[in-house]
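Welcome, and please open the model in your viewer with the sequence panel beside it. We will go from the whole chain to single side chains, one selection at a time.

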Amino acid sequence: MASAGKTLQFTKGSKKTGNRGNIKKMTLTAMLAAIAVILMYMEIPVPFMPGFIKLDISDLPALFGSFIYGPLCGVFICLVKNVLHSFATNTMFVGEISNFILGCAFVVPAGIIYKKKSDKKGAVIASVTGTVAMSLLSIVSNYFFVYPIYYNFMPKDVILKAYQAIFPGVHSILQALAVFNVPFTMLKGLISVVIAWLLYLPLAPMMRIED
């Protein structure tokens with residue numbers, strides 16, 4: 001009888017601990033998503049890129065989310081920030097779709113790697129790997145998916161001319177993506193890598209994968 005009482009008490013305690021964990025997870029994820037939305041609105045134009053491409057570091061909160069709770073959390077934050085951002089832009093959701101695809105390419109491999117090596121070195125390796133994956137995928141996603149949608153609103157030759165106005169040496173969209181978008185995406189990812197490295201120690205108590 002006493003044993004049954006102890007078991008019941010333990011079960012109740014486990015449920016309370018689980019509920020607190022879920023509340024903490026939801027709260028922190030919501031906070032990271034809110035920060036991501038704010039950072040996405042703080043996008044800035046880049047001198048060496050066409051005007052329709054802007055720089056932001058809104059993937060950084062999603063990166064931390066994937067470190068703390070795993071890749072799915074990072075994907076969720078990427079989704080939330082792009083859905084909320086789409087209501088205030090005129091990109092017809094194309095820019096947000098592109099941002100979501102590349103954001104996922106960044107945080108998913110980073111989250112998987114960090115889960116196996118959960119320390120500062122692991123965080124750097126994870127985020128650099130995510131940066132490379134995002135940069136390479138930017139060619140594929142833009143050339144075969146994002147830009148073909150853009151062509152419905154902005155003719156292909158107009159987009160190419162926007163690139164040629166900066167560097168006349170590009171003669172095709174594919175070449176423009178390799179010359180402009182890959183280095184740009186790499187730069188965007190590396191900025192997040194540096195910030196993640198600088199913030200790692202202050203945030204170290206949270207930088208553990210939690211179930």
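## The whole chain

Colour by secondary structure and follow the chain from its start: the pattern along the sequence of the protein chain reads α-β-β-α-α-α-α-α-α. That gives 7 helices and 2 strands, where helices (H or I, at least four residues) and strands (E, at least two) are DSSP runs, numbered from the N terminus.

Before going on, note that this is a predicted model, in which local features need pLDDT of at least 70 and side-chain atom pairs count only at pLDDT 80 or more, while totals for chains, interfaces and linings use all residues. Residues are numbered from 1 along each chain as its sequence is written, and side-chain values use heavy atoms, with hydrogens and water left out.

Now switch on the surface. The protein chain has an accessible surface of about 11300 Å², and 73% of it belongs to carbon and sulfur atoms; the areas come from the Shrake-Rupley method with a 1.4 Å probe, and for residues only the protein chains shown count as cover. Of the 211 residues in the protein chain, 38% are buried (buried is under 20% relative accessible area, exposed over 50%, partly exposed in between, with a 1.4 Å probe and protein chains only).

## Salt bridges

Hide the surface and select Asp59, Lys81 and Lys188, which are linked in a network of salt bridges. The term means a side-chain nitrogen of Lys or Arg within 4 Å of a carboxyl oxygen of Asp or Glu. How far apart are the closest N and O atoms of Lys81 and Asp59? They are 2.7 Å apart. This pair links distant parts of the chain, with Lys81 in helix H3 and Asp59 in helix H2, 22 residues apart.

Turn next to the partner in helix H7 (residues 173-203): Lys188 lies 129 residues from Asp59 in helix H2. The side chains of Asp59 and Lys188 form a salt bridge at 3.8 Å, N to O. Asp59 is buried at 2% relative accessibility, and Lys188 is buried with a relative accessible area of 11%. Lys81 is buried as well.

The search of the whole structure finds 3 salt bridges. Select Lys117 and Asp119 for another of them, at 3.5 Å from N to O. Here Lys117 is partly exposed at 32%, and Asp119 is partly exposed at 30%.

## Aromatic pairs

Show the rings next; 5 aromatic pairs are found in the whole structure. Rings of Phe, Tyr and Trp (its six-membered ring) pair if their centres lie within 6.5 Å; planes under 30 degrees apart count as stacked, over 60 as edge-to-face and the rest as tilted.

Select Phe64 and Phe67. Their ring centres are 6.3 Å apart and their planes stand at 85 degrees, so the pair is edge-to-face. Both sit in helix H2 (residues 59-69), 3 residues apart, about one helical turn. Are they buried or exposed? Phe64 is buried at 6%, and Phe67 is buried at 0%. Add Tyr114 to the selection: ring pairs link Phe64, Phe67 and Tyr114 into a cluster.

Move on to Tyr147 and Tyr150, both in helix H5 (residues 120-150). With ring centres 5.9 Å apart and planes at 90 degrees, this pair is edge-to-face. Tyr147 and Tyr150 are both buried.

## Last stop: Ser86

Finish in helix H3 (residues 71-86), where you will find Ser86. Ser86 is buried, with a relative accessible area of 11%. Leaving out residues up to four places away in sequence, Ser86 touches Phe93 and Glu96, a contact being heavy atoms within 4.5 Å.
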